[in-house]
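Work through the exercises below with the sequence and the coordinates side by side. Each exercise sets a task and then solves it step by step.

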Amino acid sequence: MTETGGRVVGATGSDQEDRRLLVHLGTAMVATGQPINEVEDELVEVGRALGHPDPQIAAGPTGVMLSLASGEPSTYAAVTGALRLDQAAQVRVIRHDLLVGHVDPAAAVERLLALRREPPRYPVWLANLGWLAVATGIALILQPGWRNVVLSALGALVVVALVRLAQRFTLLATLLPVVAAFLVACLVFTAADLGLVEGPLRTLLPPLAVLLPGALLVTAMSELATGDMVAGSSRLIFGLVQVLLFTLGVVAASRLFRLPAESLRNVRVDDLGWWAAPLGLLLICAGIGLLESPPVRLLPWILLVLVLAFAAQGLGQQWSGPVVGSFLGAVAASLGSYLVEALVPDLPRLVVFLPSFWLLVPGSLGVLSATELALDPGGSTATVLGVLALVSALALGLLVGTAVAQSLRAALRRARRIRRRPHLPLDHREP
């Protein structure tokens, strides 16, 4: 094995060992929620660093198949569930170590396999507080009224209890979207029926936001836009089914309480003033730290990307409405996370990027619009087009932000190489 400029050039082990490494790394990257096109491109980069110039890779949401060259033996591995943000950060570190030659394939495989066995950084009761903090923070942004925020926090306690029970009972895990949406909606609709809160639809969304497939829907749209039809279609269908299950629970609760149609409109309450949004962002960041266990050093960067996404979304909404706001929010989140990784290479971009989708809440918008559609079929065309426009705007913003960031990162790397190039005397320079 030889190295050139810190990068491995020669083969680092047997072909079978390299295939095993790449397939485990690929499934780990898919489990972090990374788009398939990025997974394939980054696996090719690692394969070339290991001495294989033309690896053949077919990744999908449920598994990865690859060979080291066309016509060579292939290896397949299935994706076995999502990874937490702290585990996602370690996946990025392992990939970086492979690219610079700091770890051999056998050791990298052991580190990847050990990821699944690592417990969360914090005990369960602290993780539960994190869920409560995230729901409260989203409520302060989505529906900033005292009673609405308190009710969202109570709904978060219900959802946490259901999630913990679902970890023990398979049937409840399957029905979790419907059951969680139904019970939270019953709690909120009871308060609305008693005249305690206004805007119940927006109030019931923050407790469910962590469960909603917001990032999944946007990732699916971006994969379809980049030509990954199989991965994008399967993610999109799965995400839409999840949205429909949540909607079914909300609609069932609304039929039970028979609230007037006027009380189930998309109404935003704003009683708390300007400070509600900054406090909400801080609570979301703190809650993510407890719930997803990212390294503490990443929390300021996560907060930075959250603030950028929120500010861009707010400016876009004031300028031209929610579609432009969603587009600019996604551009800011994507561009900001890429720039963070470019400036601090050992910081994993995906870890600081994914929490922004709990703030942009495309899944919440889907449930809100689908519920309005079920309760008022007369406005079906406008509702469906509105949801499609918002999700498409988020996906387009993600693609634009990624393209701009990659161009800037390439320029930054070229500038760094030029600065590191030795300055030779004029008579020693090549003509």
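**Exercise 1.** Determine whether Arg84 is buried or exposed, and find which residue its side chain meets in a salt bridge.

*Solution.* Arg84 has a relative accessible area of 17% and therefore counts as buried, since buried means under 20% relative accessible area, exposed over 50%, and partly exposed in between, with a 1.4 Å probe and protein chains only. The side chain of Arg84 meets that of Asp86 in a salt bridge, at 3.0 Å from N to O; a salt bridge is here a side-chain nitrogen of Lys or Arg within 4 Å of a carboxyl oxygen of Asp or Glu. Asp86, at 7% relative accessibility, is buried as well. The model is a predicted one, in which local features need pLDDT of at least 70 and side-chain atom pairs count only at pLDDT 80 or more, while totals for chains, interfaces and linings use all residues. Residues are numbered from 1 along each chain as its sequence is written, and side-chain values use heavy atoms, with hydrogens and water left out.

**Exercise 2.** Trace the network of salt bridges that contains Glu42, and state where its members lie.

*Solution.* The structure holds six salt bridges, and one of them joins Glu42 to Arg92, whose closest N and O atoms are 2.6 Å apart. This pair links distant parts of the chain, as Glu42 is in helix 2 and Arg92 in helix 3 (residues 85–100), 50 residues apart; helices (H or I, at least four residues) and strands (E, at least two) are DSSP runs, numbered from the N terminus. Both Glu42 and Arg92 are buried. A further salt bridge, at 2.6 Å from N to O, is formed by the side chains of Arg95 and Glu45, and this pair too connects helix 3, which holds Arg95, with helix 2, which holds Glu45, across 50 residues. Arg95 counts as buried because its relative accessibility is 9%, whereas Glu45, with 28%, is partly exposed. Glu42, Glu45, Arg92 and Arg95 are thus linked in a network of salt bridges.

**Exercise 3.** Describe the surroundings of His52, beginning with its place in the chain.

*Solution.* His52 lies in the loop between helix 2 (36–49) and strand 3 (56–60), and its 9% relative accessibility makes it buried. Leaving aside residues up to four places away in sequence, His52 touches Asp15, Asp18, Gly47 and Leu68, where a contact means heavy atoms within 4.5 Å. With the side chain of Asp18, the side chain of His52 makes a polar contact of 2.7 Å, that is, a pair of N or O atoms within 3.5 Å; within protein, one must be able to donate a hydrogen and the other to accept it, and residues adjacent in sequence count only if both atoms are side-chain atoms.

**Exercise 4.** Which parts of the model have a pLDDT under 50?

*Solution.* The protein chain averages a pLDDT of 81, with 85% of the residues scoring at least 70; pLDDT is the predictor's confidence in each residue, from 0 to 100. Residues 1–12 stay under 50, and the model has 31 contacts for them beyond four places in sequence, while residues 426–431 also stay under 50, with one such contact. Where pLDDT is low, the predicted coordinates should not be read in detail. Among the elements, strand 1 (residues 3–4) has the lowest mean pLDDT, 36, and helix 6 (residues 146–166) the highest, 93.
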